[in-house]
Amino acid sequence: MNEFVVDNKMLDKEESLPRQELEEIQLTRLRETVFRAMNVPFYKGIFKREGITPDSIRTLDDLRRLPFTTKADMRDNYPLGLSAVPRSDMARIHGSSGTTGMPTFVGYTRDDLSMWARLCARFLVAGGLRASHTAQVSFGYGLFTGGFGLHYGIEQVGAAIIPAASGNTTRQVNLMRDLQPDALICTPSYALNIAEVARSMGIDPRTLPLRLAYFGGEMWTEDMRRQIEAEMDLLAFNNYGLSEIIGPGVSGECAARDGMHIQEDHFLVECVDPETLEPVKDYDYGELVFTALTRQALPMIRYRTRDIAALDARPCACGRTTRRMTRVMGRSDDMLIIRGVNVFPSQIEEALFQVEGTAPHYLIEVERPAALDQVTVKVEVRAEVFSDKMRDMQQLRDRIDRKIQTIAGIHARVELVAPKTLERSDGKAVRVIDRRGLKG
Ligand code: DLL
């Protein structure tokens, strides 16, 4: 049971506005965003060609007249060419390393930073963090937005922070044992790693004092949530964000844990078909597109996230009136097309969790030895199940293969590996190695 009941005193007024009032704020802010974007040569040129001015934005539907912005546009304007303020007005610069090609950088003004802290505080409060608590931040502190973003969010809530940063996992466990934090903040894959290291130190992670966890920064499934909650005896909340928009704080779960509330007073969301770019219906999966309504340094317009999720407009029991988004099923650029079938790594994760005997550590390798794609799923077997009996292992492989076929619709080569042999993550886990050389 969730002991953290709804506490409306803790809600920002903007989180629970009647929809019409919220939309009025969004419209005003959209016009302001267009105004600020006129300082960005990239947008200014497009606006001029298309006859777009702040006054020409009359309703929220006019958003669709505005151009999309992509990662490629950020690269073309490397390093900070999409900024709307001079360097002297910037207070911080973050970035993401990106798996391919150049890193991208994102500037923040002082106001951007305080707004960001507020938004992180909102989802922390929504999950139950209070001023009396202590939270351990086990995200990297650096260019990555996870560490600093959450750090200042916790500060806003008034809770105490243990800025552990990521890595040195033995020390993470010692800190938890000695300093008794109530909440853990990191990627879900790092939490699994911490639990495993605790056990290897002779500490049952369930005996650690943690009651809450906020996980984000990477794809994870509902089964993964159940697994971590059982291993660590805590309640885990999902939160989502990306550096191009602000970092963590774009959306996060409330006590209902049924989708992440999007902070719609600061971000306009669309969900589009990634091929046609036409809007998809609520509850249908599509690519999320965000417009930052209050960013001064980077008034991002219709940023194509590549993240595939669905929007949910149902009212929520928690009192927030903001729309929710489902878990991110995957990134469109992580989607594998195996002999014509589209597969997300999350579907393979889901299949693995449903087969008794596997550990939650896996790696998907894709190759094209001849003309056809071949998927190998390497998965660790639990120590108590790992056996040198060929027949037992063959049966387990077959069960996994069948489950993957049912859920993902593809046949995979399953390779069972010994416990603790796959690389562990202390940040974003690498789930797929694609050796087909199709991605540029
Ligand atoms: O990962 C920001 C963040 C940090 C969010 C900490 C939450 C917690 P980037 O490094 O720019 O920023 O990576 C953004 O990570 O487009 C998604 O593909 C993925 N991602 C982030 N949160 C989630 C999540 C941060 N909860 C990219 N579920 C995004 C699934 C997520 N994917």
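In helix α5, the buried residues (buried means under 20% relative accessible area, exposed over 50%, partly exposed in between, with a 1.4 Å probe and protein chains only) are Thr 145, Gly 146, Gly 147, Gly 149, Leu 150, His 151, Gly 153, Ile 154 and Val 157. Helices (H or I, at least four residues) and strands (E, at least two) are DSSP runs, numbered from the N terminus. Please keep in mind that this is a predicted model, where local features need pLDDT of at least 70, side-chain atom pairs count only at pLDDT 80 or more, and totals for chains, interfaces and linings use all residues. Residues are numbered from 1 along each chain as its sequence is written, and side-chain values use heavy atoms, with hydrogens and water left out.

**Helix α5**

- The 13 residues of α5 should span 18 Å at 1.5 Å a residue (the expected span is 1.5 Å times one less than the number of residues), and the end C-alpha atoms are 18 Å apart, which agrees.
- Just after α5 comes Gly 158, with a positive phi near 95°.
- α5 (145-157) also supplies at least two residues of the shell around the ligand, as do β7 (235-242) and β8 (247-253).

**The ligand and its surroundings**

- How many residues surround the ligand? There are 21, and the closest are Asn 238, Asn 239, Ser 243, Asp 307 and Lys 428; a residue is near a molecule or strand if one of its heavy atoms lies within 4 Å of it.
- Strand β7 gives the largest share of this shell, five residues.
- By class, the shell has seven nonpolar, 10 polar and four charged residues. Here Ala, Val, Leu, Ile, Met, Phe, Trp, Tyr, Cys and Pro count as nonpolar, Asp, Glu, Lys and Arg as charged, and the others, Gly among them, as polar.
- For polar contacts, the cut-off is a pair of N or O atoms within 3.5 Å; within protein, one must be able to donate a hydrogen and the other to accept it, and residues adjacent in sequence count only if both atoms are side-chain atoms.
- A ligand nitrogen atom sits 2.7 Å from a polar backbone atom of Asn 239.
- Side chains take part too: an oxygen atom of the ligand is 2.6 Å from an N or O atom of Ser 243, and an oxygen atom of the ligand is 2.8 Å from an N or O atom of Lys 428.
- Of the 610 Å² of accessible area that the ligand has on its own, the protein covers 93%. Accessible areas come from the Shrake-Rupley method with a 1.4 Å probe, and for residues only the protein chains shown count as cover.

**Helix α7**

- Helix α7 (residues 188-200) has 13 residues and reaches 19 Å from its first C-alpha to its last, close to the 18 Å expected at 1.5 Å a residue.
- This helix is mostly covered, with 11 of its 13 residues buried; among them are Tyr 190, Leu 192, Asn 193 and Glu 196.
- What do the buried residues of α7 pack against? Their partners are α6 (169-179), β5 (183-186), β6 (212-216), α8 (222-232) and β18 (358-367), where contact means heavy atoms within 4.5 Å.
- α7 is followed by Gly 202, whose phi is positive, near 80°.

**Individual residues, inside and out**

- His 94 lies in strand β1 (residues 92-96) and counts as buried because its relative accessible area is 1%.
- A polar atom of the His 94 side chain is 3.2 Å from the backbone oxygen of Gly 142.
- Beyond its neighbours within four places in sequence, His 94 is in contact with residues including Phe 105, Trp 116, Gly 142, Thr 145 and Phe 148.
- Ser 346, in helix α9 (residues 345-353), is buried at 9% relative accessibility.
- Not counting residues up to four places away in sequence, Ser 346 touches Met 219, Thr 221 and Met 329.
- Is Arg 49 buried or exposed? At 65% relative accessibility, Arg 49 counts as exposed; this residue belongs to helix α2 (residues 41-50).

**Backbone details worth a look**

- The peptide bond from Tyr 78 to Pro 79 is cis, with omega near 0°, and Pro 79 lies in the loop between α3 (71-76) and β1.
- Leu 277 is not a glycine, yet has a positive phi of about 65°; this residue lies in the loop between β10 (267-272) and β11 (286-292) and is partly exposed, at 24% relative accessible area.
- Tyr 283, found in the loop between β10 and β11, has a positive phi near 75° and is partly exposed, with a relative accessible area of 45%.
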